[in-house]
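Visitor: I am new to this structure, and I would like to know how its descriptions are reached. Could you show it to me before we begin?

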Amino acid sequence: MSLDIPEQVRKTVVADGNESWLDELPGVVDSLAREWSLVIGRSFAGGHAALAVEVTLVDGTPAVLKVGVPGRDVAQEAMALRLANGAGCAKLLREDLGRQALLLERLGAPMYDLVADPASRHDLLCEVAVRLWRPIGPDIDLPTGAKLAEQYADRLPRLWEQAGRPCSPATVADALNCMDRRRLAHDDRSAVLVHGDIHEMNALQASDGSYKLIDPAGLRAEPACDLGTIVRCNPDLGDDLWARTEQLASRTGVDATAIWEWGTIHRVVSGVYACSIGFQPFGDLLLAEADRLTA
């Protein structure tokens, strides 16, 4: 099978020393196509942690075949998609975790391309987040928001040094303080399923005109964890981030301080990571805003 592997996927795999996976991938996709009766189409560009290709089911239904690269386990995503069952996220049609493969509902264009007004995008992202959230207990095998905050707190200082200290020490300290408070605030009794990375490129239009999310990280966490990513978004718009936070709190009943603290966490972690991989100007924009807020 001739398979178009996006350059960013190829770079990720080579950088991790898994070149043999690239040789094996056409055979994996071919076997999945035969077993699931799929017609393989073009590859999607833009991602780096998975190959995603257009496919058509035997009944003509359009879908997406996603195969995770080595080291990027799709089991957590599959769990989140099963729990969502098509509400707020793309519907999971089939899975083969042994081959790191998911068959997904095919959606349309991203919100970023369809909705010009940033404030309208924020409202729509809030709506889709609310549709996704549902109570889940500790018996569900997903990491918690507390665990995420703990992992970020361990990772951020090292990543900041590796990236050449792209923001002030005060900004890092502020983010670490927020991580500690959100870790301590976690409560299994009120935790819900959250996406973990809600933004305008991860929200695609469904056939009914609504939006659904793709690529869920899948966490058991407080809803503020998701709303914080909406506060992180678009730091160059010039709007008041605290006013945005209060609006989200008013719409959802979620504590504004929790939203703000998760926004701080996502802004600094995403900004430092973006700087470390040269994803610009996104990284610099995030950290310039973070430095301004802690000055």
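Guide: Five strands, in the order β1-β2-β3-β5-β4, form an open sheet with antiparallel pairing; strands are DSSP runs of E with at least two residues, helices are runs of H or I with at least four, and both are numbered from the N terminus. This is a predicted model, in which local features need pLDDT of at least 70, side-chain atom pairs count only at pLDDT 80 or more, and totals for chains, interfaces and linings use all residues. Residues are numbered from 1 along each chain as its sequence is written, and side-chain values use heavy atoms, with hydrogens and water left out.

Visitor: What makes β1 and β4 the edge strands?

Guide: Two strands pair if DSSP finds at least two bridges between them, and β1 (39–43) and β4 (92–96) each pair on one side only. For β4, four bridges join this strand to β5 (residues 101–105), and Arg94 has Leu103 in β5 as its bridge partner.

Visitor: Why is Val39 called exposed?

Guide: Exposed means over 50% relative accessible area, buried under 20%, and partly exposed in between, with a 1.4 Å probe and protein chains only; Val39, in strand β1, has 54% relative accessibility and therefore counts as exposed.

Visitor: How do you know that the span of helix α5 agrees with what is expected?

Guide: The expected span is 1.5 Å times one less than the number of residues, so the 15 residues of α5 (residues 118–132) should span 21 Å, and the end C-alpha atoms are indeed 21 Å apart. Among the buried residues of α5 are Pro118, Leu125 and Leu132.
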